[in-house]
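User: I am new to this structure and would like to go through it in short questions. Please keep the answers plain.

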Amino acid sequence: MAAKRISQETFDDVVQENIIEFGMDPEEALNEAIQQFESQGVDLSNIVKIVPSPASENGQEQKHMVLQILDCLQKAVIDADSSKVDESLMNFARQCRQELSVRYLAAQKGAYPAVLAACRLASEERCSLLKALQALSALLEGQPDILDVPGQELLLRVLQESRDDADLTLAGVRCIRYACLKHEQNRQDLVKGGILALLSEAIVRHGDRADVVHEACSGLRIMTFDDDIRVPFGHAHDHARMIVAEHNGLGILIEAAKGKKDHLPAHMLSSWFLYAPAEGHKLHNTGPLFIFLYDFYSPSTFKCAVISSCSGRRSEEAGKLKSA
């Protein structure tokens, strides 16, 4: 049976009732409301469990801080006040990074259109665009459903037009990663839009930036995921094949790793072994790649990465490595 859910307004009303009607202090009123709903089997994972702050001078209106900042952002965008937009975006991103419930509440109250409008407003101003993309990535984390076609087009355009800017590339790729995790339709749409080429190019172009390389590699890896339970059949294998056959995925990853171990942490190794089968290779035919990886990483790290990615026809090889 599905867990019960309530709205943020219902939860906040109960907290305020505990304060006004029963004379509780804010912290006690909050804890009492949490215990009350949890005892009724209510799922509070989407609820901001903080007492709202006064949103008016007389203190009569209560509103969560993220919504107060969102109000400021929406007004600044309408007024085209770039300095206020920048300030609001930074504060908004800071709030969204706290936890998923804050991001969920913001999205429910129209944050996505406001942030997307801020991105468009800042399209010609690098620093402002960077703040807007950082706010967008903070909002997208854990809720990829909010990205729509205009948002996809904006991200692809930013990555195309800002190829040489490492910071903008990093922020744009992070948005892509959050938008594609557990969302098959976003993956398919963005792949059709050319994201695989843009991610591969980012690794090559910004090879001296570990953060960009790591983010772009993570983006490629997510394109090979089959993690959206709403979709019976994904395109994970097709995307893996395209990465290898059309974008030289293995070659790019190996070049990125040479002499720069920190660029590609151990968990990225498992992605490499997803790509080889896409070209029809079997595990024992990838000798040169294995020799490179074995020499590059410690034997224990190498074995763990291979074992974690082995399945089906490769189970025998994985067993051999376990006993090695």
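User: By about how many helical turns are glutamate 184 and arginine 187 separated in helix α10?

Analyst: The model is a predicted one. In it, the side chains of glutamate 184 and arginine 187 meet in a salt bridge, with 2.9 Å from N to O. Both residues belong to helix α10 (residues 184-192) and are three residues apart, so the separation is about one helical turn.

User: Are glutamate 184 and arginine 187 buried or exposed?

Analyst: Buried means under 20% relative accessible area. Glutamate 184 falls in that class, and for arginine 187 the answer is also buried.

User: How many residues apart in sequence are the parts that glutamate 9 and lysine 109 tie together?

Analyst: Glutamate 9 and lysine 109 form a salt bridge whose closest N and O atoms are 2.5 Å apart. Glutamate 9 is partly exposed at 37% relative accessible area, and lysine 109 is partly exposed at 39%. Glutamate 9 sits in helix α1 (residues 8-22) and lysine 109 in the loop between α5 (100-108) and α6 (111-121), so the parts they tie together are apart in sequence by 100 residues.

User: Which residue forms a salt bridge with aspartate 164?

Analyst: Aspartate 164 is exposed, with a relative accessible area of 64%. Its place is the loop between α8 (149-161) and α9 (166-180), while its partner lies in helix α11 (residues 195-205), so the pair ties together parts 41 residues apart in sequence. The closest N and O atoms of the pair are 2.5 Å apart, and the partner is arginine 205.

User: How many salt bridges does the structure hold?

Analyst: Side chains of opposite charge can pair when their charged atoms come close. Some of these pairs are joined further: Arg126, Asp165, Asp167, Arg209 and Asp211 are linked in a network of salt bridges. For the structure, the number of salt bridges is 18.

User: Which residue caps the N-terminal end of α9?

Analyst: The cap rests on a side-chain oxygen that lies 3.1 Å from the backbone nitrogen of aspartate 167. The residue that supplies this oxygen is aspartate 165.

User: What distance separates the end C-alpha atoms of α9?

Analyst: Helix α9 has 15 residues, and at 1.5 Å a residue it should span 21 Å. The model agrees with that expectation, since the end C-alpha atoms are apart by 21 Å.

User: How many of the residues of α9 are buried, and against which helices do they pack?

Analyst: Helix α9 is mostly covered, with twelve of its 15 residues buried. Among them are Leu168, Ala171, Gly172 and Cys175. Those four are also touched by leucine 133. The buried residues of α9 pack against α7, α8, α10, α11 and α12 (210-223).

User: Which helix gives the most to the largest nonpolar core?

Analyst: In soluble globular proteins, nonpolar side chains tend to be buried together. The largest nonpolar core here has 66 residues, and Leu73, Phe92, Leu133, Ile195 and Ile203 have the most contacts inside it. Apart from it lies another core of 13 residues, including Ile6, Val14, Val42 and Ile47. The helix that gives the most to the core of 66 residues, with nine residues, is α7 (residues 126-140).

User: How far apart are the C-alpha atoms of leucine 67 and leucine 105?

Analyst: Leucine 67 lies in helix α3 (residues 65-79) and is buried at 11% relative accessible area. Leaving aside neighbours within four places in sequence, leucine 67 is in contact with Leu105, Ala106 and Lys109. Leucine 67 and leucine 105 are 38 residues apart along the chain, and their C-alpha atoms are separated by 8.1 Å.

Definitions and conventions. Residues are numbered from 1 along each chain as its sequence is written. This is a predicted model: local features need pLDDT of at least 70, side-chain atom pairs count only at pLDDT 80 or more; totals for chains, interfaces and linings use all residues. Side-chain values use heavy atoms; hydrogens and water are left out. A nonpolar core is a set of buried Ala, Val, Leu, Ile, Met, Phe, Trp, Tyr and Cys residues joined through side-chain atoms within 4.5 Å. Buried means under 20% relative accessible area, exposed over 50%, partly exposed in between (1.4 Å probe, protein chains only). Helices (H or I, at least four residues) and strands (E, at least two) are DSSP runs, numbered from the N terminus. Contact means heavy atoms within 4.5 Å. A salt bridge is a side-chain nitrogen of Lys or Arg within 4 Å of a carboxyl oxygen of Asp or Glu. The expected span of a helix is 1.5 Å times one less than its number of residues. A polar contact is a pair of N or O atoms within 3.5 Å; within protein, one must be able to donate a hydrogen and the other to accept it, and residues adjacent in sequence count only if both atoms are side-chain atoms.
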